[in-house]
Amino acid sequence: SGIQPHRLFYLFGSIYFGVFVSIALLLMHPQYGLENQQPSPYRILGWVSYCGIESFGSVMVSLFWSFTNSNFSLKEAKASYGVMVAAGQIGSILGPTIVNIYSEKWEQGLAKLYLLGATCMLMLQF
């Protein structure tokens with residue numbers, strides 16, 4: 001395609017920033033969020049959240065490696081890809097641990113963690 005990988009990465013990063021902020025704000029809403037404990041087939045926020053997280057894991061990882069491959073030489077890649085993968089593995093361990101701890105300790109913890117994730121997506125843009 002004619003679109004450069006880094007532009008796609010920034011575009012989708014901005015989209016996921018919007019998705020995660022929207023989910024966070026809806027989680028804080030008394031009618032649509034976590035305060036409402038009434039079961040209803042119209043409460044689809046959990047499904048939206050699931051699809052957002054799962055598509056993020058597929059789309060952004062692919063775009064990251066496309067972006068990385070277009071910016072690193074073979075020599076640089078051999079020297080740094082192992083560190084990147086190791087950092088990703090550490091993040092995949094620490095991320096759920098942090099969510100598990102702080103989602104219960106903070107008031108509106110899960111929503112705040114979504115906002116934290118959205119902020120991280122915004123920081124990738126700079």
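Biologist: Which element gives the largest share of the lining of the second largest pocket?

Modeller: In this predicted model, that element is α2, which contributes 4 residues to the lining.

Biologist: What is the volume of the second largest pocket?

Modeller: The volume of the second largest pocket is about 250 Å³. Its lining consists of 15 residues, and Y32, R43, I44, L45 and G46 are the closest to the centre.

Biologist: Which elements give two or more residues to that lining?

Modeller: Those elements are α1, spanning 5–28, together with α2 and α4.

Biologist: And how many residues of each class are in the lining of the second largest pocket?

Modeller: There are 11 nonpolar residues, 3 polar residues and 1 charged residue.

Biologist: Let us turn to the largest pocket. How much space lies in it?

Modeller: The largest pocket holds about 1,100 Å³ of space.

Biologist: How many residues line the largest pocket, and which lie nearest its centre?

Modeller: The lining is made of 26 residues. Nearest the centre are F56, G91, S92, G95 and C120.

Biologist: Which elements each supply at least two residues there?

Modeller: Three helices do so: α2 (45–71), α3 (74–105) and α4 (109–123). The largest share comes from α3, with 11 residues of the lining of the largest pocket.

Biologist: How many nonpolar, polar and charged residues does that lining have?

Modeller: The lining of the largest pocket has 20 nonpolar and 6 polar residues, and no charged residues. For the second largest pocket, by contrast, the lining includes 1 charged residue.

Definitions and conventions
Residues are numbered from 1 along each chain as its sequence is written. This is a predicted model: local features need pLDDT of at least 70, side-chain atom pairs count only at pLDDT 80 or more; totals for chains, interfaces and linings use all residues. Side-chain values use heavy atoms; hydrogens and water are left out. On a 1 Å grid over the protein atoms alone, a cavity is a set of points where a 1.4 Å probe fits but cannot get out, and a pocket is an open set with protein on both sides within 12 Å along at least five of seven lines; lining residues have an atom within 4 Å of a point. Grid points are joined across faces, edges and corners, and a volume is the space filled by probe spheres set on the points. Ala, Val, Leu, Ile, Met, Phe, Trp, Tyr, Cys and Pro count as nonpolar, Asp, Glu, Lys and Arg as charged, and the others, Gly among them, as polar.
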